[in-house]
4 protein chains.
Amino acid sequence: MFQAPLLDGIPQDIAAVADYAAYARRRLDDNAWAYLEGAAGDELTRGWNRAAFDRRTLLPRVMADVAGGHCRTTLLGRELPLPVLLAPVAWQKLFHPDGELATAYTASALGAGMVLSTLASCSIEDVAAAAQQGGNGPRWFQLYLQPERQLNEELVRRAEAAGYEAIVFTVDAPLNGIRNREQRVGFQLPAGIEAVNLRRPLDPNDRAGFELRQRSLAEKRKQRGPSNVFDDLMCHAPTWKDLEWLLATTRLPVVVKGVLHPDDAVRAVDLGAASIVVSNHGGRTLDTLPASLDALPAIAERLFGRVPILLDGGIQRGSDIFKAIALGASAVLIGRPYIHALAAAGPFGIAHVLRLLQDELEATMALCGVDRLDRISTDFLKDPSFRRIDA
Amino acid sequence: MFQAPLLDGIPQDIAAVADYAAYARRRLDDNAWAYLEGAAGDELTRGWNRAAFDRRTLLPRVMADVAGGHCRTTLLGRELPLPVLLAPVAWQKLFHPDGELATAYTASALGAGMVLSTLASCSIEDVAAAAQQGGNGPRWFQLYLQPERQLNEELVRRAEAAGYEAIVFTVDAPLNGIRNREQRVGFQLPAGIEAVNLRRPLDPNDRAGFELRQRSLAEKRKQRGPSNVFDDLMCHAPTWKDLEWLLATTRLPVVVKGVLHPDDAVRAVDLGAASIVVSNHGGRTLDTLPASLDALPAIAERLFGRVPILLDGGIQRGSDIFKAIALGASAVLIGRPYIHALAAAGPFGIAHVLRLLQDELEATMALCGVDRLDRISTDFLKDPSFRRIDA
Amino acid sequence: MFQAPLLDGIPQDIAAVADYAAYARRRLDDNAWAYLEGAAGDELTRGWNRAAFDRRTLLPRVMADVAGGHCRTTLLGRELPLPVLLAPVAWQKLFHPDGELATAYTASALGAGMVLSTLASCSIEDVAAAAQQGGNGPRWFQLYLQPERQLNEELVRRAEAAGYEAIVFTVDAPLNGIRNREQRVGFQLPAGIEAVNLRRPLDPNDRAGFELRQRSLAEKRKQRGPSNVFDDLMCHAPTWKDLEWLLATTRLPVVVKGVLHPDDAVRAVDLGAASIVVSNHGGRTLDTLPASLDALPAIAERLFGRVPILLDGGIQRGSDIFKAIALGASAVLIGRPYIHALAAAGPFGIAHVLRLLQDELEATMALCGVDRLDRISTDFLKDPSFRRIDA
Amino acid sequence: MFQAPLLDGIPQDIAAVADYAAYARRRLDDNAWAYLEGAAGDELTRGWNRAAFDRRTLLPRVMADVAGGHCRTTLLGRELPLPVLLAPVAWQKLFHPDGELATAYTASALGAGMVLSTLASCSIEDVAAAAQQGGNGPRWFQLYLQPERQLNEELVRRAEAAGYEAIVFTVDAPLNGIRNREQRVGFQLPAGIEAVNLRRPLDPNDRAGFELRQRSLAEKRKQRGPSNVFDDLMCHAPTWKDLEWLLATTRLPVVVKGVLHPDDAVRAVDLGAASIVVSNHGGRTLDTLPASLDALPAIAERLFGRVPILLDGGIQRGSDIFKAIALGASAVLIGRPYIHALAAAGPFGIAHVLRLLQDELEATMALCGVDRLDRISTDFLKDPSFRRIDA
């Protein structure tokens, strides 16, 4: 019988990735839980992300010879044991005392990719060290464009210096969305947890200059118009010019994260983006955005293989990964699922989640008669009843 | 992080317009609640109004430059800070001791439009005064055609004299519908609350004439046929002739409220209506009418920009307003949401609701890459999966 | 405000026909309730009957002049005050001590049509007398074909003699279906309640002949094959030949009840049926039959006005009647709703139900701008969003 | 009234096959229940199997003459009293002390077909003897391909020798799927229950050779790659070559079980398969496979009557059998339903289930006006509303 080996200390009733959520809930306070689980508005998009996987049926093939199959893939020049990366999640010390260090160590130990958030609670350099200690997994750095524009270049340079292999430029969250669940509990960072990589003045020797710029920002706000959104928050939002600047600034491949419209995907690739993440930010920015899986096919059709496409939002099963790949993705990112495991069981939990996903993905491939990821196609998603004899 | 500034006394867990409902429920008795919340029959249409917004997905654009954006609009010659009006709601003293005065003051203070009901519990003139005290927001007067036909002209003249800027002629409620929820609690107006603008004889010096006409009505009822509906209530229902009369009688623009059929919309505009409100009366007249949002596109297509189209029914989010505009509306009216806020928090509540809607609408615009209302179109509602590769 | 006048003793919280069910439940024991409420199998069809009405939207017209409107109709030569008949329901003494006498009296008093079941617990003649005492409403007799074929003619002759104006020939229940709810409670008729019209030997003077025929039937059963259904129950099922016999035997118009297939409807009318009842027997014979309303349009299209079409199944609202007429019916039958009212409030309840339906139907007509039943058409059911701009 | 005769000891509230589940739950411990009821992953496919029947509507014909009708059929040369076989279910001693012996005896007594699982808890020979003692029902043997390839031939020879009439080759479960429910309770076989037909060394005189082969397998596992699935479990999965071997090895007809793709069905028949079972293994191998009924029409269309098609998954009603036949099946298999009955009421329960299905199937046929299985067609599944006048 197919059965993932249980890691030390993993309870028997955690048989699937989603089983970690209940355990995580018990470990976390309302503040951290609201931040982790909350999404924008009425959280419809978050539910749709999941439903988009559930409603798609698999059409399997039997008796295929799949000896020697595997789910390895190559992404931006690096081989991964399975097509899964850990998505950028801010302030991971909210969920485990070791925060991003635990995540980086474990991901690297299993050869999986990890994307470090700009809002990490551990320093870019410490996380890199933990990853190197863990193994050889690739690490990427996620960039939120900062109001202090000079800070962006500093962040990129630090990531380059610390051996990060790609910059993930998040473009779909110029403002944090209407996270009603967070607002209702009055979410705030506990003492001792902060976005440490944004803490220092840009130039430690130029404190005067830093304070001058801060004052200038504050004054701009005072002069702003009546709109909270347009006259304040959106002033610092990334534009296509910022993407051009980033592409010209770094020698690393740039992954544009948060695209749902095919025209935006094409434009980003035309400018030089090395990859696209089809994403609605886990449903956290704007409610009633479509499920990311639903947005994937049209983007894949337009990009036509020019760059690898990534996807996040709702992945909980190996069969979900199979479906995302069938619809055009090269790999997926998971967010809340690994944080649940981190909160519930620490590094062992993350390793277990990755193992479960690999076993489930391989089982899906085997039962569909597929031995390599690049043989997965929409042929395996056809609805056998679409020619309804009975209608 | 995007966060609406909390007004004094607004609890932290009111983060969205819909959060006011639970607070309002606690403040109101069963009688007022049944009147406010109840709708016709099994209240299906009321639910559909909401669902029509929830099921439509937004397709956003990223990295657009939206600096200086805003959600101002011009309606019947007046600029509004946001495309929202407060719908006519009867007997507002049921919900707050100051009734319509509180509503008018707050709406005007925020520059928002307010529509006063024929069945207001405060006088046309007092409400006008409160609005002027509050600020410069536009005020409109809603007219239910009265059995005493002479009374209609009097109401229009009083509205004109008090500076109301439009007459909203409600045509979809010639009878009050089958409000089973109201009937089950035996709804009745408490002592001291009534439709004060209908109280007086038409001519205070002609009490004899008034009583004569009342007797004549009573006799007509005695002679009526066996139909409660056709032989009694519908005798006083508005017809197209009444609309013609109204258009000829007043110098104010006439807005026809309660249209769902494109042919009716066209006919009203052909006759001279300045605007149309696509509405099913909040689901209160006839159950299983379609959601007002579902009725909008066909009407917008037929009117083709000849007059501004308004819409009410189910609006609770800034993103709902965005969707209504994308499908052809120029502005929307909200009803129950502001009454919930009025009941729960008085004028502060109404101001908070308007601020929440503005912030959410602007956030939706910003995240969709739109800086002006007139750039919102159905392009932003396309379902990215409508070409189903996987089906 | 539109409000049906409450009859003496009707509680305030009965504002709609469906409100009677809870009251009836409290008056009836499990045995009677299972018989009344139960349907075949998993009772899906029963739910679909209702859902078919709920999901159809009304597209109303405003400002039409409907003065003098009404909902009267003519059916098989008789004028009815509203297009509603009381469907045949067996053993009504299960629900009220006066059984069918109460129903007949009340229906006739209101001018409404009543269809008496073959399985009535009161005699054909007594029910006729009660109806005459009540007023002038039409009465029809429903015929289940009896194994003792001679008995059928006797029943028809008695109905003719007692002034019944039509024979309703039920063809969709040759066996009683798989009424699992009844079976689970072990339904049985209480002492003193029986199908009195089937009780007597065919010829009281020929008891020997009767017993002979009974023995012959019993022997046939002993010789039957292994199928409960085909070798026993279906031996007495009505066939097209039986319909021909009935049409040749009686001078009364024959209404064929229980048709869902257009070909069957056409064949029955070709043979001489005066009317068709589109029905799935309230979901009581075979589960997953379509909702009767869903079966109506195709039958109406094929019959093209040759005979009036009736419909039962799921009617609870005046707007349901409007929809049935829009899709091709001339009138409807209600079953469980009037039995609920009979059980809860006796004759007053039935009268109240009929009044509620009339008021609701007229309100629906008025709000849709229709003054006569024959002006109701599918124009009023068009979904205004069927041309989806946003899809 | 149609009423199945109650067998001795069957409680009154078991009126339908599905009623046995609650009784079985009370008799079984969590371990056995998780094995029986659990399906793969989130168990969506298991629910869809059932829903696929529920959403299809029957379009009946009235007044047809169905005297002498029956539901007998011929399958692989054998007449069956009804088109139902008992699906292979492993370790039936988990559910009743007599295990497969009880099943075989009862099935044979009623002339129904039974398929014995490779993982039976009773020996091939003992089950054959029980079946012969019971009556004359056909028995088939289900083969899971064994890692020890020599064992397969032995199993086939034993089945042939014991009078089994077909080999059912299961091809959709090369690994056991992700049975999370089983994993969460830590399912394991109780002492004394095992797959007895796999217990013995291949050749009792060659224990040394057996142990050698076992060691060889163990060593292969040690040398395996990093994939639990591809490098271990799938090494022993059946391929098309194994099917060819089986067809060449046995003189019995080979039924290929677990096909959902039309191309696989055609290929199996081209190679010589005598029949196909359209199945998703009761939803137990891979979640989000389509309902087996939904997969049936396309396969039936492609096979075009070349071989009889069987179907399992979700059957609980006689009307389900009718629908499966309408969409192209010749007969169906039931699994959990008869195990529920076995657990709750032993052999009497299984007999009752078969009788209920026959009575319900015949009632469905009679009410649809069909007297023989081969007259069932998609004509009886047409949705009468598919030409929507109101849309």
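Reader: Why is Lys257(D) called buried?
Author: In this predicted model, Lys257(D) has a relative accessible area of 5%. The cut-off for buried is under 20%, so Lys257(D) goes into that class.

Reader: And what makes Asp312(D) count as buried?
Author: The relative accessibility of Asp312(D) is 7%. That falls under the 20% limit, so the label is buried here too.

Reader: How do you know that Asp312(D) and Lys257(D) form a salt bridge?
Author: The N to O distance between their side chains is 3.8 Å. The rule asks for a Lys or Arg nitrogen within 4 Å of an Asp or Glu carboxyl oxygen, so this pair passes. As for where they sit, Asp312(D) is in strand E9 (residues 309-312) and Lys257(D) in strand E7 (residues 254-259), both of chain D. They are 55 residues apart, and the pair links distant parts of the chain.

Reader: What makes Arg55(C) and Asp294(C) a salt bridge?
Author: Their closest N and O atoms are 2.6 Å apart, and 2.6 Å is within 4 Å, so the pair qualifies. Arg55(C) lies in the loop between helix H3 (44-54) and strand E1 (73-75) of chain C, while Asp294(C) belongs to helix H11 (residues 292-303) of chain C, so the bridge ties together parts that are 239 residues apart in sequence.

Reader: Why is Arg55(C) called partly exposed?
Author: Arg55(C) comes out at 40% relative accessibility. Buried needs under 20% and exposed needs over 50%, so 40% lands in between. Its partner Asp294(C), with a relative accessible area of 10%, is buried.

Reader: How do you know that Arg317(B) forms a salt bridge with Asp42(A)?
Author: The closest N and O atoms of Arg317(B) and Asp42(A) are 2.9 Å apart, which is within the 4 Å limit, so it counts. Arg317(B) is in the loop between strand E9 (309-312) and helix H12 (318-326) of chain B, and Asp42(A) is in the loop between helix H2 (30-37) and helix H3 (44-54) of chain A, so the pair joins two chains. With a relative accessible area of 7%, Arg317(B) is buried; Asp42(A), at 40%, is partly exposed.

Reader: Which residues are linked with Arg317(B) in a network of salt bridges?
Author: Asp42(A) and Glu360(B).

Reader: How many residues are in contact between chain B and chain A, and what area do they bury?
Author: On the chain B side there are 46 residues, in contact with 51 residues of chain A. The two chains bury about 4,300 Å² between them, with 60% of it on carbon and sulfur atoms. The count between chain B and chain A is three salt bridges, plus 14 residue pairs in polar contact (both at pLDDT 80 or more). Helix H3 (44-54) and helix H13 (336-368) of chain B each supply at least two residues of the side that touches chain A. H13(B) gives the most, with 11 residues. By type, this side of chain B divides into 20 nonpolar, nine polar and 17 charged residues.

Reader: What about chain C and chain B, how many residues does each put into the contact?
Author: That contact takes 45 residues from chain C and 51 from chain B. The buried area is about 4,300 Å², and carbon and sulfur atoms give 61% of it. The rule finds three salt bridges across this interface. Arg317(C) and Asp42(B) meet in a salt bridge, at 2.9 Å from N to O.

Reader: How do you know that Thr288(D) and Lys323(A) are in polar contact?
Author: Their side chains are joined at 2.9 Å. The cut-off is 3.5 Å, so that distance is inside it. Thr288(D) is found in the loop between strand E8 (275-278) and helix H11 (292-303) of chain D, and is buried at a relative accessible area of 3%. Residues touched by Thr288(D) include Asp54(A), Arg56(A), Leu44(D) and Trp48(D).

Reader: Why is Cys71(A) not paired in a disulfide?
Author: The closest cysteine sulfur, in Cys368(A), is 14 Å away. A disulfide needs the sulfurs within 2.5 Å, so the two are too far apart for a bond. Cys71(A) is buried, at 1%, and Cys368(A) is buried as well, at 0% relative accessibility. Over all chains the count is zero disulfides.

Technical notes
Residues are numbered from 1 along each chain as its sequence is written. Chains are lettered from A and ligands numbered from 1 in the order in which they are written. This is a predicted model: local features need pLDDT of at least 70, side-chain atom pairs count only at pLDDT 80 or more; totals for chains, interfaces and linings use all residues. Side-chain values use heavy atoms; hydrogens and water are left out. Contact means heavy atoms within 4.5 Å. Buried area is the accessible area (1.4 Å probe) that two parts lose on being put together, summed over both. Helices (H or I, at least four residues) and strands (E, at least two) are DSSP runs, numbered from the N terminus. Buried means under 20% relative accessible area, exposed over 50%, partly exposed in between (1.4 Å probe, protein chains only). A polar contact is a pair of N or O atoms within 3.5 Å; within protein, one must be able to donate a hydrogen and the other to accept it, and residues adjacent in sequence count only if both atoms are side-chain atoms. Ala, Val, Leu, Ile, Met, Phe, Trp, Tyr, Cys and Pro count as nonpolar, Asp, Glu, Lys and Arg as charged, and the others, Gly among them, as polar. Lists of a residue's contacts leave out its neighbours within four places in sequence.
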